[in-house]
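Here are some short exercises on metal sites, each with a worked solution. Have your viewer ready and try each task before reading on.

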Amino acid sequence: MTDTDVERLPGMAAQQGVVWLRVALDVPLPGPFDYRHAAPLAPGMRVIVPFGRRRLVGIVTDVPAAPSIDPVHIKPIDRVLDDLPPFTPDWLRLARFAAAYYHRPLGEVMLPALPPPLRKPSAYEGQRSGAGPVARLDAKHAKAQAKTATPPDAAATVADDTDLAPVEPVLNAEQEIAVAAIRALRGFKPVLLHGVTGSGKTEVYLRAARDVLAQGRQVLLMVPEINLTPQLEAVLRGRLDAVAGPGSLAVLHSGLSDGERLRAWVRAQRGEARVLLGTRMSIFAPLPELGLIVVDEEHDASYKQQDGLRYSARDLAIWRARDRDIPVLLGSATPSLETWQQAERGRYLRLTLSARAKASQPPAVRLVDTRRLAMKQGMSPQLIEAIGKRLERGEQSLVFLNRRGYAPVLHCASCAWVSQCPRCTAFTVLHRGPGPGGHILQCHHCGYQARVPRACPECGDQDLQPMGRGTQRVEEHLSQLFPQARILRIDADSTRRKGSAQSLFASVHAGEVDILVGTQMVAKGHDFARLGLVGVLNADAMLFAHDFRAPERLFAQLMQVAGRAGRHAEGGEVLVQTGYPEQPIYQALLRHDYAGFAGPALAERESTGLPPFAHQALLTAEARELAQALEFLQTARDLPDGEMAGSFPTADAVTRYDPVPLRVVRVANMERAQLLVESTSRPALQAFLSAWSAMLHELPAASRVRWQLEVDPLEI
Ligand code: ADP
Ligand code: ZN
Ligand code: ZN
């Protein structure tokens with residue numbers, strides 16, 4: 001199908017002045033919804049329609065020859081929103097696929113993908129035709145251009161601390177091979193670019209992007225985190241503007257204002273943006289001339305949306321690339337086992353960058369066996385000494401601990417009391433409060449906050465002690481150990497204000513920090529030139545987690561954080577503190593050996609029948625009483641065994657497990673349970689889910705619970 005197909009309108013038979021329209025609306029009903037209009041309309045047009053007592057923005061999905069219900073019930077649309085061209089057929093296909101695959105109404109896929117101003121009727125109300133948010137945006141932009149010669153966002157260079165910028169390095173041999181292999185591709189092909197951190201994957205993306213831009217096509221480059229965009233943004237502007245023209249980059253992520261988001265979207269849809277850099281939401285951006293998709297850090301869990309439409313932007317990227325018949329580049333030092341398996345089977349082209357682009361040696365990894373050591377506040381003498389040495393040499397150190405707050409729990413030394421959230425089955429975490437010296441207790445599940453009691457609520461003892469440690473406590477301890485050092489903590493607490501993460505990272509790049517303490521936020525992507533040492537505290541916490549993907553995540557995280565050390569100079573060093581140094585995962589880490597980790601891990605998944613050797617979906621329910629949630633799930637589980645069995649031809653190929661309470665069963669006073677379904681055949685699972693999800697809505701028990709169905713869940 002080409003973009004001109006939108007001009008051929010199937011409903012044009014309606015010469016009598018009535019055209020039937022099928023419209024997608026963001027309402028929790030299966031739809032589609034029928035409306036009529038006096039003139040033909042292209043699928044992909046936005047319209048405002050009456051719905052009950054409300055007015056809603058919808059998207060025309062079909063122009064059928066006949067309506068699906070009695071025409072007397074069909075209302076006319078209120079208004080056609082023609083301030084943007086209709087969404088192209090490929091965009092509509094992507095939304096249709098996502099709706100079908102994740103078993104959600106089409107409107108709940110399409111409308112939330114749009115920037116808010118495009119889906120709010122109020123943005124158009126009282127406006128004459130031709131007015132509205134897009135018109136206001138254009139007017140504002142024209143005004144700004146009249147004032148200054150340069151468009152406003154071309155001038156706004158965000159970070160200047162990168163040395164990737166305009167100077168183009170000479171590619172090394174492996175990069176050359178990778179770029180040539182990508183250049184030789186015709187049509188759809190997933191490519192795994194497997195490169196250790198610092199191996200110059202970005203350089204390969206840039207060359208591939210440049211080729212595609214030179215052919216007059218658009219590039220979508222996805223990154224997992226907003227925090228990573230400024231550095232990459234500056235690089236992209238510096239390097240790609242020369243090919244695609246100044247101002248040809250647009251950036252899309254959830255940290256933008258509605259206006260900024262609208263502008264990026266509109267520029268992408270009109271083809272003014274030639275490169276779109278964005279987080280997972282950008283997979284739904286309209287890119288009529290899309291020629292290449294790049295998914296950086298493809299293994300990253302941030303590509304999975306965790307509420308509403310629980311999509312995987314990585315998986316949708318592959319679908320979209322197949323649909324557009326274009327290549328898709330998946331880059332990672334530690335690919336997901338799903339992707340690795342595809343590469344092993346030869347379905348994905350694997351390109352390898354095995355060496356670091358700058359420092360020739362990878363950092364030396366050492367395991368510090370904590371079992372025989374006198375630890376100080378969770379830190380080994382070795383680590384403290386190593387930090388001291390780096391300080392003397394004027395180099396930076398990173399202390400990594402994936403736990404924010406001061407201490408995970410407060411406890412009473414004389415009785416068994418521990419600080420607990422009254423609304424959740426969880427501890428409250430001790431945090432340093434905003435006031436001087438004051439601490440507060442905070443629940444990381446529901447946000448509940450309480451003052452620290454002066455005495456134990458159970459026994460009255462005043463000796464309440466923090467147990468364990470988080471980043472705040474480590475920061476405090478480091479400042480006692482190294483009073484002369486400049487210490488900076490980066491975690492979700494220290495970066496809460498908009499833009500603060502960017503300025504904190506900038507101060508690290510500028511060399512204003514000696515010791516950096518941080519959670520996984522600091523592990524990703526950043527190219528800290530002066531960082532020589534990485535210390536990892538409490539890595540074992542994830543080793544024995546319940547989730548079968550925990551080892552995979554731990555390995556990726558350790559490789560990633562280790563990759564921050566010694567990127568620009570030799571002598572980089574990583575100290576991992578563990579009580580289990582003999583574990584295979586740590587042994588593979590010592591050797592920087594992803595394949596050595598992935599091989600056995602995949603073999604184990606195969607022998608236990610876990611993904612990627614099986615496909616899963618998770619039905620989750622929550623209710624005031626656990627029994628209600630379990631009852632709903634049990635009814636759902638038994639549906640295919642009852643009189644509806646005929647609707648489930650693939651039920652035999654699908655395993656339905658028993659409903660179980662979640663590990664943290666109560667959150668914000670709601671009790672939660674889940675039911676896993678699984679099949680070795682994706683089509684069999686999909687067929688099952690289609691029939692099942694339609695019936696779940698009808699179950700009487702459904703009205704007593706909040707439930708959701710998640711396809712390809714990442715956490716179980
Ligand atoms: P990755 O994304 O694989 O972690 P980057 O693309 O960030 O690695 O590259 C790491 C560093 O190496 C960057 O500073 C980059 O400019 C530099 N670099 C990349 N390719 C080359 C090259 N061929 N020669 C010299 N430096 C390079
Ligand atoms: Zn007590
Ligand atoms: Zn809570």
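The exercises below deal with two zinc sites in this predicted model.

**Exercise 1.** Find which atoms coordinate the zinc ion (ligand 2), and work out the geometry of the site.

*Solution.*
- Step 1: The donors are the SG atoms of C412, C415, C456 and C459, at 2.2 to 2.4 Å.
- Step 2: The angles among these four donor atoms run from 104 to 114 degrees.
- Step 3: Four donors count as tetrahedral if all angles lie between 85 and 135 degrees, so the site of ligand 2 is tetrahedral.

**Exercise 2.** Describe how the donors of ligand 2 are placed along the chain, and decide whether C415 and C459 are buried, partly exposed or exposed.

*Solution.*
- Step 1: The spacing reads C-x2-C-x40-C-x2-C.
- Step 2: C415 sits in the loop between strand 16 (409–412) and strand 17 (429–432), while C459 lies in the loop between strand 19 (449–451) and strand 20 (464–467); the pair is 44 residues apart and links distant parts of the chain.
- Step 3: C415 has 27% relative accessibility, so it counts as partly exposed. C459, at 41%, counts as partly exposed too.

**Exercise 3.** Repeat the analysis for the zinc ion (ligand 3), taking C424 and C443 as the pair.

*Solution.*
- Step 1: C421, C424, C443 and C446 each coordinate through SG, at 2.2 to 2.4 Å.
- Step 2: With angles of 106 to 114 degrees, this site is tetrahedral.
- Step 3: Its donors follow C-x2-C-x18-C-x2-C. C424, in the loop between strands 16 and 17, and C443, in the loop between strand 18 (439–442) and strand 19, are 19 residues apart.
- Step 4: Buried means under 20% relative accessible area. C424 has 2%, so it is buried; C443, also with 2%, is buried.

Key:
Residues numbered from 1 in each chain as written. Chains lettered and ligands numbered in written order. Predicted model: local features only at pLDDT ≥ 70, side-chain atom pairs only at ≥ 80, totals over all residues. Heavy atoms only, no water. Donors = N, O, S within 2.8 Å, 3.2 Å for Na, K, Ca; no water. Tetrahedral: all angles 85-135°; square planar, octahedral: opposite > 155°, others 65-115°. Helix = DSSP H or I, 4+ residues; strand = E, 2+ residues; numbered from the N terminus. Buried < 20%, exposed > 50% of the residue type's maximum accessible area, 1.4 Å probe, protein only.
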